[in-house]
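Work through the exercises below with the sequence and the structure in view. Each task is followed by a worked solution.

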Amino acid sequence: MKSYDLVIIGGGVAGIAAAIEATKLSMNAIIIEQGFTLGGKTRLIAHKMKSYNQNGQELLEVLLKDLDFTKVDILTNHSVAAIYTDLVVTATNGEDFVKVQAKSILVTTGTYQKTIAFPNNDLPNIFGVITTIELLNLYGIKPGNEAIILGSSFTELVKMYLEIAEIKIVEVIDPNDLIEAFGKDKFEGVRTSKGEYKADFLVVCGGLLPAKELLNMLDAEMEYDSFYDAYKPKLENHQTSINGVFVAGNLSGMKKIHENIEEAKETVNVIYKRLGESNG
């Protein structure tokens, strides 16, 4: 089992920035990322939407150029299955398991899309925001020719992607007006208090939640965040209530991209100082 000074879980901008800082401090580090490439949600938006996310695209490009792949291990297409209190981390891609020993762990898993509960929300051809962007942006797949958008968060971003793909937007629905989705074998439309609308697919824009599941495994202390309307990890000097486990990025609260980068760098320096003190 290989040992690392720092195991970074999540390969978005915060994780990349943390790895760059770790290499500058001569720390032995690894990034574990569940996707096939680094960049996280910024990668999705930056891929084609330069006009929407100019700053994010430029920052991501700079980070990837600054990352020395010869000095940090990168494990993509692997999801962390467990973190243990002795700071052992296991990850899998569905076929093999990788186990590493960490002296410190930095969780930069960010956020995930919130669902909206409504009757028949499990019909095929109902997608979340991230799934829709991945289909259109990364794989070039059109879910259909006509779409309905449900929600109030990220609707403008979704509109831009659908328009680029030349997909007709039938209606943008307020969740408070929705009665149900309908369809025999797949999504065919929605019934609302203002009428009935038909389309090939539905995009659900329910907002974001902190991706804190790995910290829940460790029973890390949480505190309420009014912005998320959810619980996020309670931190003291970037460290969770679990000794040796730290957090950076949007998991600790929504911030601008450059703020996440600076927070990640600052957190790595805190970890570096802590490791130096523990080694005498």
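**Exercise 1: a salt bridge between two loops**

Lys 194 is exposed, with a relative accessible area of 64%, where exposed means over 50%, buried under 20% and partly exposed in between (1.4 Å probe, protein chains only). The model is predicted: local features need pLDDT of at least 70, side-chain atom pairs count only at pLDDT 80 or more, and totals for chains, interfaces and linings use all residues. Residues are numbered from 1 along each chain as its sequence is written, and side-chain values use heavy atoms, leaving out hydrogens and water.

Task: find which residue forms a salt bridge with Lys 194.

Solution.
1. A salt bridge needs a side-chain nitrogen of Lys or Arg within 4 Å of a carboxyl oxygen of Asp or Glu.
2. The partner is Asp 177, with the closest N and O atoms 3.5 Å apart.
3. Lys 194 lies in the loop between strands E14 and E15, and Asp 177 in the loop between strands E12 and E13, so the pair ties together parts 17 residues apart in sequence. Strands (E, at least two residues) and helices (H or I, at least four) are DSSP runs, numbered from the N terminus.
4. Asp 177 is buried because its relative accessible area is 19%.

**Exercise 2: the span of a helix**

Task: check what span helix H7 should have.

Solution.
1. The expected span is 1.5 Å times one less than the number of residues.
2. H7 has 22 residues (257-278), so it should span 32 Å.
3. The end C-alpha atoms of H7 are 32 Å apart, which agrees.
4. Buried residues of H7 include Ile 261, Ala 264 and Val 268.
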